[in-house]
Amino acid sequence: MPSSAPLTDRLLLGPGPSNPYPEAVAALGRPMLGHLDPEFLELLDETMARLRQVFRTSNALTLPISGTGSAGMEACFVNLLEPGDKVIVGVNGVFGERMCDVAQRCGAEVIRVDEAWGRALDPQRLVDAQAQHRDARFVAVVHAETSTGVENDVAPLAALASTDTLLVVDAVTSLGGIPVEVDGWKIDACYSGTQKCLGVAPGLAPLTFGERAVARLRNRSRPPQSWYLDLGLIGAYVGGSTRRYHHTAPISMIYALHAGLGAVLAEGLEAAWQRHQQVGNRLHAALPNLGFRLIAQSGHRLPQLTSTWLPEGADDAALRKALLEQYGIEVGGGLGEFAGKAWRIGLMGHSARDRSVTTLLGALGELL
Ligand SMILES: Cc1ncc(COP(=O)(O)O)c(C=O)c1O
């Protein structure tokens with residue numbers, strides 16, 4: 001296709017990016033401002049205040065990290081870990097595995113708590129692992145495991161607050177779509193991504209650090225190995241009284257996040273959760289009628305990300321190609337051990353609408 005060809009509009013029902021809210025798209029076209037312009041700094045402050053509302057926290061250190069969700073993960077790990085530290089990671093999918101990889105690259109010893117793909121982690125097993133490794137720096141868990149469509153319970157992990165071990169939560173696929181209660185669940189560090197339930201283009205990783213995590217930053221014996229993701233340095237730009245330059249802020253993406261969060265808060269966070277739940281329930285109820293079999297453990301199924309086995313005899317690649325080319329709909333294939341056999345269907349952010357479900361079910365009805 002020639003590079004000047006018009007870009008195609010798609011209905012994005014994969015594991016992300018989702019279709020962004022119109023307000024978030026429009027904001028990308030706002031006039032450029034310098035990253036130290038008082039008007040931009042005011043908008044940045046407002047964006048951080050909106051993030052606090054969405055994360056349900058009063059944490060001062062709440063900000064958008066430059067980069068996608070993985071940058072949020074790395075920012076948590078490189079700032080909280082030092083070589084030789086011990087860390088406990090819940091693993092029941094690709095993103096738990098990625099946490100282990102990142103922790104190992106930080107020089108940490110990883111204690112894994114594994115669960116089968118498609119099943120939820122038992123939070124008590126993570127609490128018990130901490131009791132066996134009281135010197136663990138943190139317990140990390142993926143709230144919404146995008147590779148399997150499973151929700152891992154985070155609330156019971158608030159028990160870690162009475163220990164010296166911190167709680168780190170990946171909310172990349174959960175924030176804005178299902179309840180995330182940073183203060184209520186005593187989460188010490190949490191990160192997300194813009195391109196899923198927040199309904200903004202990919203490019204930023206909202207992150208929040210509570211008091212215990214900030215204390216850990218202050219008490220490090222050496223600076224984090226990543227200069228770019230050093231939260232001490234970034235904090236002096238986003239929150240410090242001097243607003244000291246660290247790296248050039250991705251201005252247009254911050255406009256977009258500001259506007260996307262505005263859309264979520266104007267709808268109401270609880271109303272947005274409810275909308276995700278309703279469309280997810282509808283899809284879960286309808287898919288078995290077309291021969292699909294839901295994968296995630298009942299009671300732990302994410303409404304915003306449905307993992308499903310394909311109908312008997314269906315050709316994964318051919319069916320996804322037909323959906324994309326004939327109907328303009330993107331769904332995601334399976335990752336890792338689910339590749340070729342399963343789909344991941346996202347109903348996130350602005351894509352989490354009844355009309356998305358109607359369109360997808362209609363297209364599948366015709367194709368199958
Ligand atoms: C749960 C989870 N964590 C982390 C990531 C990584 O985010 P990104 O691909 O935006 O870097 C993803 C991406 O899908 C995810 O679903």
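For what follows, Ala, Val, Leu, Ile, Met, Phe, Trp, Tyr, Cys and Pro count as nonpolar, Asp, Glu, Lys and Arg as charged, and the others, Gly among them, as polar. Keep that in mind for the ligand. One caution as well: this is a predicted model.

So, the ligand. How do the residues of the shell around the ligand divide by class? There are 6 nonpolar, 7 polar and 1 charged. In total, 14 residues surround the ligand. The closest are T68, G69, S70, T146 and V172. Which helix gives the most to this shell? That is α3, residues 69-80, with 3 residues.

Next, the overall layout. The protein chain is divided into two domains. Domain 1 takes residues 11-17 plus 269-367, and domain 2 takes 22-265. Their C-alpha centres lie 26 Å apart. On the domain 1 side, 26 residues are in contact with 27 residues of domain 2. Two elements of domain 1 give two or more residues to that side: α9 and β12, residues 305-309. Helix α9 gives the most, with 4 residues. By class, the domain 1 side has 13 nonpolar, 10 polar and 3 charged residues.

Now the sheet. Here 5 strands form an open sheet, with mixed pairing. Read the order across as β1-β13-β14-β12-β11. Which strands stand at the edges? They are β1, residues 11-13, and β11, residues 293-294. Each has a single partner strand, so one side of each is left without a neighbour in the sheet.

Let me walk across from β1. Its partner is β13, residues 329-333. The two run parallel, joined by 3 bridges. Within that pair, L11 of the chain stands opposite I329 in β13. Helix α11, residues 354-367, packs on the sheet here, touching both β1 and β13. The direction of α11 makes about 85° with that of β1.

One step further, β13 pairs with β14 in the antiparallel sense, over 2 bridges. G332 has R344 in β14 as its bridge partner. On from there, β14 and β12 also run antiparallel, with 5 bridges joining them. L305 has G346 of β14 as its bridge partner.

Stay with β14, residues 342-346, for a moment. Is β14 enclosed or open? All 5 of its 5 residues are buried, so the strand is largely enclosed by the rest of the structure. In a regular strand the side chains alternate between the two faces of the sheet. Take the faces of β14 one by one. A342, R344 and G346 are on one side, and they are buried. W343 and I345 are on the other, and they are buried too. Both faces are covered.

I345 brings us back to helix α9, residues 269-286, and to L283, which lies in it. Buried or exposed? L283 has 21 C-beta neighbours inside 10 Å. The cut-off for buried is 20 or more, so L283 counts as buried. Who does L283 touch, leaving aside neighbours within four places in sequence? The contacts are T306, I345, L347 and V357. For a sense of scale, L283 and S298 are 15 residues apart in sequence and 14 Å apart in space, C-alpha to C-alpha.

Last topic: backbone oddities. Most residues other than glycine have a negative phi, and most peptide bonds are trans. Three spots are worth a look in the model.

First spot. The peptide bond from G16 to P17 is cis, with omega near 5°. P17 is found in the loop between β1 and α1, residues 22-27.

Second spot. K186 is not a glycine, yet has a positive phi of about 55°. K186 is found in the loop between β8, residues 166-170, and β9, residues 189-191. With 19 C-beta neighbours inside 10 Å, K186 counts as partly exposed.

Third spot. R243 also has a positive phi, near 50°, and is a residue other than glycine. Where is R243? Its place is in the loop between α7, residues 231-238, and α8, residues 251-267. R243 has 15 C-beta neighbours inside 10 Å, so it counts as partly exposed.

That is the tour.

Definitions and conventions: Residues numbered from 1 in each chain as written. Predicted model: local features only at pLDDT ≥ 70, side-chain atom pairs only at ≥ 80, totals over all residues. Buried ≥ 20, exposed ≤ 12 C-beta atoms within 10 Å, placed from the backbone. Contact = placed C-beta atoms within 7 Å. Pairing = 2+ DSSP bridges. Axes fitted to C-alpha atoms, helices over the stretch in contact; angles between N-to-C directions. Near = placed C-beta within 6 Å. Domains from an automatic or database assignment.
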